Amino acid sequence: MELREKLEILADAAKYDASCASSGTEKRDSRDGGLGSTEGMGICHAYAPDGRCISLLKVLLTNACVFDCAYCINRASSNVRRARFSVREIVELTLDFYRRNYIEGLFLSSGIIRSPDYTMEQLVRVARELRTTHGFKGYIHLKTIPDADPALLAEAGLYADRLSINVELPDPGSLKALAPEKDAGGIRLAMAGLRTRIDEAKAARAESAVTRVAMAGGRRAPAPRFAPAGQSTQMIVGADASTDATILDVSANLYGSYRLKRVYFSAYSPIPDAAAALPPAAPPLVREHRLYQADWLLRFYGFTAGEVIAGGEGGMLDLEVDPKLAWALKHRAVFPVDVNRADREMLLRVPGLGAKTVDRIVAARRVRSFRMADLARLRVSLRKVAPFVTALDHHPRGGLLDRADLRALVVPRDGLAERASILPAGLVARPVQLPLFAHV
C-alpha cells in the first residue's frame, strides 16, 4: 500500500479522538540545536467544522485492533480497510511535514497490535527516535495503553509532552458490556502511576533548580523531564445511558484524584453494523458543547459538579442555554451582584462575565467605579449580564429578576443586539458574536 493511502486511512481513523490539544508543556526551541519548537509561533491550533482539533499530525500507527469494542469503528470485527505505518514511516512523515510547516507536533495513537506491550513499544520507539536520533523538540502527545508494562509507560513519559489514557465510558458497567477486553480499574491504576511519576519529576526538577541557584552558577544537570504537559483522557458521550451528572461527577473525580490537565468529550458517532446495545442515532452535538462549557466552570470558575448540573433537569444539562446562565436562572436570589463591590468568586458566577473579564474588572475598579458603558468597552454582552448586576448607573428594573419571562429575555436567539427591555437607558445595542468559552 502506498504511503499516501496509509495516511488517508489512518488520519481519518484518528478523527474520533478529541484529546489532541497541544498546550501546557515546557518551552523548548532549536536555537541550541535540534529541530522544532513548542513556543513562539509554535503549536498552531486549527479546528474542523465539528470542533475537533486538527492542529497536529494526528494519526494512528494502525487501525487494526485485536480488541472488539462495540462503539469503535476500528474494532476487530469491523469491516473497514486496514493499514499500518512502520516506525520509520511515522518518523519521516512527522519530520517532512514539520519542515514544510504543515504541522508543529505529533499526536499518535494506535489500535492494539498483537498485545498491549508490543503496541506500546512501537509508540515509544517513534517518540524515542524523533527525540534522540533527530533532535525533534516539537510537541509529542502519545496515547498510552493502560494494560502495557508500567516500564513502557514510564519510558513514554521521558519523550512525550503529554500522555493520555482514555476512560472511554463514564460507567464501568457500560465499559465492561461494550468493551469486554478493557478494565476500568486497570485504566485508573495506570492513571495513578502516571500521576505519581509526573509529581515526582516536578518535585525533582524544582529541587534541582534550587540546588543550581545555591551552587551560584555551578553546572548540574536538571532532573529528567516526564510528560511536562501532564495527562488527559476522553469520554464518549451518548454511547450508553450515562447522564451528564454522571459524566461531570467522573470528570471532577478524575481532576481531583489524578490531576488531569483535561477531560475531553466526544459525541458518539453511529458506526456500520453497530451492536444492538448501541443507540441508533448520535446525541445532539450541542450536548458535547455544553459538557465542555460545564468542564470550564469546574476548572476555572469555582463551580462544583452538583452546582453545574443543578441548572438542568433530571441529571442532564440544559441544551438551550450555557450552564452558568442555567444556574443563575435557578438561583436568582443571589443576584443582582454589584460589579464595584462583589468579590472575584461571586463575579465569576455572573452570566456573561468570563474569567479574564472579571480579572480586568477587579483590577480597574481600584481606581474608578464601573458603569455599564465600561462593561460594554470590555466586550461584555450587556443583554446577558444586565439582569444580574448593578453598577454605578444601573440597577435591574423593578421585578426583572422575578419575571417569568426572564429566560426568554436573556436566551440568545440569533447572536445579535441586546434587548432594550433589559438595558439601562441611553445604551445602544450593537451586534455581538457569541463566544465559545470567553464569556460563559
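**Notebook: strand S3, helix H7 and some backbone outliers**

I found Lys-143 opposite Ser-164, a residue of strand S4. The model I am reading is predicted. S4 covers residues 162–164, runs parallel to S3, and is joined to S3 by 3 bridges. I then followed the chain from S3 to S4. It passes through helix H4, residues 150–159, and this β-α-β crossover is right-handed.

Next I looked at the pairing of S3 with strand S2. S2 spans residues 105–109 and is parallel to S3, with 4 bridges between them. I noted one pair here: Phe-107 has His-141 in S3 as its bridge partner. The connection from S2 to S3 goes through helix H3, residues 116–133, and this β-α-β crossover is right-handed too.

How many of the residues of strand S3 are buried? I get 5 of the 5 in residues 139–143, so the strand is largely enclosed by the rest of the structure. I split them by face, because side chains in a regular strand alternate between the two faces of the sheet. Tyr-139, His-141 and Lys-143 are on one side, and Ile-140 and Leu-142 are on the other. Both faces are covered. I note that Lys-143 is among the buried residues.

I moved on to helix H7, residues 244–258. I checked its length first. At 1.5 Å a residue, its 15 residues should span 21 Å, and the end C-alpha atoms are 21 Å apart, which agrees. I then listed its buried residues. They are Asp-244, Ala-245, Ile-247, Leu-248, Val-250, Ser-251, Leu-254, Tyr-255 and Tyr-258. For reading such a list, I keep in mind that residues three or four places apart point the same way, because an α-helix has 3.6 residues a turn.

Last, I went through the backbone angles. Most residues other than glycine have a negative phi, and most peptide bonds are trans. I logged these exceptions.

- Arg-259, just after H7, has a positive phi of about 55°.
- Glu-168 is not a glycine, yet its phi is positive, near 70°. I place Glu-168 in the loop between S4 and helix H5 (172–178). Its relative accessibility is 11%, so Glu-168 counts as buried.
- Ala-227 is not a glycine either, and its phi is positive at about 40°. Ala-227 sits in the loop between helix H6 (184–214) and strand S5 (231–237). At 0% relative accessibility, Ala-227 is buried.
- Phe-335 and Pro-336 are joined by a cis peptide bond, with omega about 0°. Pro-336 belongs to the loop between helix H10 (323–330) and strand S7 (337–338).

Key
Residues are numbered from 1 along each chain as its sequence is written. This is a predicted model: local features need pLDDT of at least 70, side-chain atom pairs count only at pLDDT 80 or more; totals for chains, interfaces and linings use all residues. Side-chain values use heavy atoms; hydrogens and water are left out. Buried means under 20% relative accessible area, exposed over 50%, partly exposed in between (1.4 Å probe, protein chains only). Helices (H or I, at least four residues) and strands (E, at least two) are DSSP runs, numbered from the N terminus. Two strands pair if DSSP finds at least two bridges between them. A crossover is right-handed if, with the strands pointing away from the viewer, the path from the first strand over the helix to the second runs clockwise. The expected span of a helix is 1.5 Å times one less than its number of residues.
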